[in-house]
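Let's work through a few short exercises together. Have the sequence and the 3D view ready, and try each task before you read its solution.

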Amino acid sequence: MNNSQQRGTDRSAARRAELITIGRKLFADTSYDALSMDDIAKQAGVAKGLIYYYFKSKRGYYLAIIEDSVADLVARAGRHDGLPPVERVQRTIDGYLRYAEQHQAAYRAIISGGVGFDAEVHAIRDGVREAMIRTIAEGTYGRADIPCLARTALLGWLCSVEGITLDWVGHRGLPRERVCALLVRTLGDTLRVIEDFEPSFPAPARP
């Protein structure tokens, strides 16, 4: 690829990223069905054909936005590698809640499965779950390879996190710090249950 072609590729990637950033703002608090392509193009200040050029369809555009949002969510959750285990887990959960608070429509789409029963969005959600389990396992045990029982227990806890977070962003009756403390406490309980079944995977000491 010559320099001219490389510049064209870079510009194209930058334009695509810009459209995704615009879409994340548009869909931050607005559901998929509430925005037409005409609405999106008008609010983004671009020709509708440009969105079709990069994403083929409204659904393709939406999936690209969800995938970008997921990358952000996972990055936020895993950016505290240098901290002690308990503090790292607390920061991970707080980052997760902050994301849900600031990107409510995207979070609901990720967790609920998107547009109807959307297999691709379900796959994205499952990827988020696996990334979160890996982050929690690494923060707690210093390793991602954990027994099946431990993974199952953490998945059960994470599903409860999703339900609590959806309820919280819908009703906002509690401050984020209180919700975070609740989730940290229930995680500690889950880790102690794991230790009962798998003594070689001890839970961190209570703070």
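The exercises below go from the whole chain to single residue pairs.

This is a predicted model, in which local features need pLDDT of at least 70, side-chain atom pairs count only at pLDDT 80 or more, and totals for chains, interfaces and linings use all residues. Residues are numbered from 1 along each chain as its sequence is written, and side-chain values use heavy atoms, leaving out hydrogens and water.

**Exercise 1. The whole chain**

Find how many helices and strands the protein chain has.

Solution. Start with the terms: helices (H or I, at least four residues) and strands (E, at least two) are DSSP runs, numbered from the N terminus. The protein chain has 9 helices and 0 strands, which gives the pattern α-α-α-α-α-α-α-α-α along the sequence. Next, look at burial, where buried means under 20% relative accessible area, exposed over 50%, and partly exposed in between (1.4 Å probe, protein chains only). Of the 207 residues in the protein chain, 43% are buried.

**Exercise 2. An annotated stretch**

State which residues the UniProt annotation "DNA-binding region" covers, and describe the chain there.

Solution. The annotation comes from an unreviewed UniProt entry and covers residues 36–55. UniProt positions are given in the numbering used here, feature names are shortened, and annotations may be inferred rather than shown by experiment. In the model, residues 36–55 are 80% helix and 0% strand, with end C-alpha atoms 15 Å apart.

**Exercise 3. Two helices that cross**

Work out how the axes of H6 and H7 cross, and which residues make the contact.

Solution. First, the axes of helix H6 (residues 104–112) and H7 come within 7 Å and cross at roughly 95 degrees. Here axes are lines fitted to C-alpha atoms, for helices over the stretch in contact, and angles run from 0 to 180 degrees between N-to-C directions. Angles under 35 degrees count as roughly parallel, over 145 as roughly antiparallel, 65 to 115 as roughly perpendicular and the rest as oblique. H6 and H7 are therefore roughly perpendicular to each other.

Then list the residues in contact (heavy atoms within 4.5 Å). H6 brings Ala 109, Ile 110, Ile 111 and Ser 112, while H7 brings Val 121, His 122, Arg 125 and Val 128. Finally, check burial: 7 of the 9 residues of H6 are buried, among them Ala 109, Ile 110 and Ile 111.

**Exercise 4. Salt bridges**

Compare where the partners lie in three salt bridges: Asp 38 with Lys 48, Arg 176 with Asp 94, and Asp 126 with Arg 129.

Solution. Side chains of opposite charge can pair when their charged atoms come close. A salt bridge is a side-chain nitrogen of Lys or Arg within 4 Å of a carboxyl oxygen of Asp or Glu. By this rule there are 14 salt bridges.

- Asp 38 and Lys 48 meet at 2.9 Å, N to O. Asp 38 lies in helix H2 (residues 37–44) and Lys 48 in helix H3 (residues 48–55), so the pair ties together parts 10 residues apart in sequence. Asp 38 is partly exposed at 47%, and Lys 48 is partly exposed at 32%.
- Arg 176 and Asp 94 meet at 2.9 Å, N to O. Arg 176 lies in helix H9 (residues 176–197) and Asp 94 in helix H5 (residues 85–102), so this pair ties together parts 82 residues apart in sequence. Arg 176 and Asp 94 are both buried.
- Asp 126 and Arg 129 have their closest N and O atoms 4.0 Å apart. Both lie in helix H7 (residues 119–141), 3 residues apart, about one turn of the helix. Asp 126 is partly exposed at 36%, whereas Arg 129 is buried at 15%.
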